[in-house]
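The following questions and answers concern the structure shown below. Each answer sets out its reasoning before giving the value or name requested.

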Amino acid sequence: MTVEAIASWAPSFRNFLFRFFIVGLLTSLFFGIVPTGLREADPLTFWVSLLVVFIISPLLWGFVFDDHIKWLRHRRERWVLYPDRLRLHDNDGLVTDLMLHEIARVKTTLLRGVLIIRTDGRKVVARYISRPGEMVRRINAALAEKEAEQ
């Protein structure tokens, strides 16, 4: 008897780039514009500073303050939802099952991740998911259906 998957999700490179650039931009703003304020800058200095702060610097700060190696570790992950479990296929080819009755809550994180809180308090994060809201809705619906069965 084969059980059909309800849904599956994978990390998105676009979401990694979004997070990478946002972390770099916020860091760049904090170290660039906030301290200097560009109050007394001439127009050329102002526009060159904006170019550096908003385009070039975020890419550099992203490498410093965001863990780009994390993308390499998580890029081939696959999350598959079954009627009774959430299965993770990781980069190494290992399969980990998280039974639905072990999941207490599921919610989205600030930068496009899904936080899965287990009943024992441990947390698992699905990173760079392309549609994190859909993943949360589907898992919550499966949890509600499992609860209704009992």
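Q: How many aromatic pairs does a search of the whole structure find?
A: The model is a predicted one. A pair of aromatic rings is described by the distance of the centres and the angle of the planes. Searched as a whole, the structure yields a number of aromatic pairs equal to five.

Q: What is the angle between the planes of phenylalanine 13 and tryptophan 71?
A: The ring centres of phenylalanine 13 and tryptophan 71 lie 5.4 Å apart. The pair is classed as tilted, with an angle between the planes of 55°.

Q: How many residues apart in sequence are the parts that the pair of phenylalanine 13 and tryptophan 71 ties together?
A: Phenylalanine 13 belongs to helix 1 (residues 13–31), and tryptophan 71 belongs to helix 4 (residues 68–74). The pair therefore ties together parts whose separation in sequence is 58 residues.

Q: Is tryptophan 71 buried or exposed?
A: Buried means under 20% relative accessible area. The relative accessibility of tryptophan 71 is 10%. Tryptophan 71 therefore counts as buried.

Q: Which class of aromatic pair do tryptophan 71 and tyrosine 128 form?
A: Their ring centres are 5.6 Å apart, and their planes make an angle of 75°. Planes over 60 degrees apart count as edge-to-face. The pair of tryptophan 71 and tyrosine 128 is therefore edge-to-face.

Q: Where does tyrosine 128 lie?
A: Tyrosine 128 is buried, with a relative accessible area of 4%. Its pair with tryptophan 71 in helix 4 links distant parts of the chain, 57 residues apart. Tyrosine 128 itself lies in the loop between strand 7 and helix 5.

Q: Which strands stand at the edges of the open sheet with the order 5-6-7?
A: This sheet has three strands with antiparallel pairing. A strand with a single partner strand has one side left without a neighbour in the sheet, so it stands at an edge. The edge strands are strand 5 (103–108) and strand 7 (123–126).

Q: Which helix packs on the sheet formed by strand 5, strand 6 and strand 7?
A: Strand 6 (residues 114–118) and strand 7 run antiparallel and are joined by four bridges. The packing helix touches strand 5, strand 6 and strand 7, and its direction makes about 160° with that of strand 5. It spans residues 132–149 and is helix 5.

Q: Which residue of strand 2 is the bridge partner of serine 8?
A: Strand 1 and strand 2 (residues 78–81) pair in the antiparallel sense over three bridges. In strand 2, the partner of serine 8 is valine 80.

Methods:
Residues are numbered from 1 along each chain as its sequence is written. This is a predicted model: local features need pLDDT of at least 70, side-chain atom pairs count only at pLDDT 80 or more; totals for chains, interfaces and linings use all residues. Side-chain values use heavy atoms; hydrogens and water are left out. Two strands pair if DSSP finds at least two bridges between them. Helices (H or I, at least four residues) and strands (E, at least two) are DSSP runs, numbered from the N terminus. Contact means heavy atoms within 4.5 Å. Axes are lines fitted to C-alpha atoms, for helices over the stretch in contact, and angles run from 0 to 180 degrees between N-to-C directions. Rings of Phe, Tyr and Trp (its six-membered ring) pair if their centres lie within 6.5 Å; planes under 30 degrees apart count as stacked, over 60 as edge-to-face and the rest as tilted. Buried means under 20% relative accessible area, exposed over 50%, partly exposed in between (1.4 Å probe, protein chains only).
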